[in-house]
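Here is a short note to read beside the model. Please keep the structure open as you go.

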Amino acid sequence: MKVLLVGGGGREHAVAAKLAQSPLCAKLYCAPGNAGIAEVAECVPIAAADVDAIVAWAKENDIKFVVVAPDDPLALGLVDKCKAAGLRAFGPTQKAAEIEWSKVFSKGLMKKYGIPTAAYETFTDCGEAVSYAKSQNPSPEKPLVIKADGLALGKGVVIVQNTAEAEETLRDMMEGGRFAGAGRSVVIEEFLQGREVTVLCFTDGWTVYPMPVSRDHKRAYDGDQGPNTGGMGVITPVPDYTPEMAERCLKEIFIPTVDAMRREKRPFSGVLYFGLMLTADGVKVIEYNARFGDPEAQVILPLLENDLLEIMLATEQGWLDTIEPIWSEEACACVVVASGGYPGDYQKGLPITGLNESGQIADSLSSANPDIGSSGTLVFHAGTARNADGELVTNGGRVLSLCAKGKTVKDALERVYAEIDKVRFDGAFYRKDIGAGLV
């Protein structure tokens, strides 16, 4: 069948690489794609959020299956519009995707159905929010977490350590338009002490299949310093997420969440992302996302041993119980190379060197195994493009994800860090401590 993947980042490159391997996929397109995705799919110059144009193009080009990967088109109802136009589509409906695009909704869902999470309050009035934050007297020993209600490119969560920071953050979000409409409502919640992990699950609204656990590194700089980002690196597996925890999470968090969404008449079909905190009082939910994480997808999907498109089709049709994902027991690690200034302002159009014509590290690509290079490193493109001369250039904040598999996380990280300095562009930076303390 002809398949259209929607999106253009590192996550979408990881998804595209898997879909392109499927014998069920006769032709893969991607809107809008990037320079790396262009090596495995035909890119279509339509923005991911231009949902009407995507539906029209898919109809005109006889697309049989649409895979919606990013959060914005899900929140805009692209899956609903595809189905209304007679197109099959992978991903949750707009109502189901509200579990991500509204923190107020998701926290209310957890409270109603007894799913463990941090204590919180929600606000639409800035003055009331500021008064409440001051009453909590945040400090370095007892911070507060302030979350924009809507989508904010993974940057809508701020941890404040005093009342001045709290007021400045709230006024910036709610009155200053920092995240546009996403910050008009906010959630203020207690700061959970512990270690964070992510578990993605395939679900058709009934069956739930957890994927391998991973740990993202959100802060921009080494030592978990600097502002939050969309993610600077990730590892899998995570040693402190035990099999006993995994079993309890399945029974007490994952299945109850999927059941709750069905009871709310918002059945969730697609990939449901659970951001979890391992606390002294047990595992608690930090947040939900309604799709693959980025860069979590870049370490999870290289470990999938069976057909991703087949799994997606089964999920969309509601017969996920007839097929089971098979995962490699290897470890995988990812380190993101970002533009100078990210997550703030950064320059685009800078030439990238060190990659071959296929967008991989020179002499690294193995024809025997297209899933990973002969040196052990695979490059997923996020913010890349070709300029008028065909030269590979930067086109985003997070530019490249360098990933490798190994027998252990330490092995995988060593392979990535041995190769990463071969990739160069002006201002490039990356964290040198991904996985620190765990390997």
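1. Start with one pair: Leu378 has Cys403 of E22 as its bridge partner. Helix H12 (residues 409-419) packs on the sheet there, and touches strand E15 (233-236), strand E18 (331-338) and E22. Contact means heavy atoms within 4.5 Å. The direction of H12 makes about 135° with that of E22. Axes are lines fitted to C-alpha atoms, for helices over the stretch in contact, and angles run from 0 to 180 degrees between N-to-C directions.

2. This is a predicted model: local features need pLDDT of at least 70, side-chain atom pairs count only at pLDDT 80 or more, and totals for chains, interfaces and linings use all residues. Numbering runs from 1 along each chain as its sequence is written, and side-chain values use heavy atoms, without hydrogens and water.

3. E19 and strand E22 (residues 398-406) are antiparallel partners, with four bridges. Two strands pair if DSSP finds at least two bridges between them. Helices (H or I, at least four residues) and strands (E, at least two) are DSSP runs, numbered from the N terminus.

4. What is the order of the five strands in the open sheet? The order is E12-E15-E18-E22-E19, with antiparallel pairing. Strand E12 (215-216) and strand E19 (378-381) are the edges, each pairing on one side only.

5. Now look at Asn289, in strand E17 (residues 282-289). Asn289 counts as buried because its relative accessibility is 6%, and buried means under 20% relative accessible area (1.4 Å probe, protein chains only). Leaving out residues up to four places away in sequence, Asn289 touches Glu100, Val271, Leu272 and Tyr273.

Key
Buried means under 20% relative accessible area, exposed over 50%, partly exposed in between (1.4 Å probe, protein chains only).
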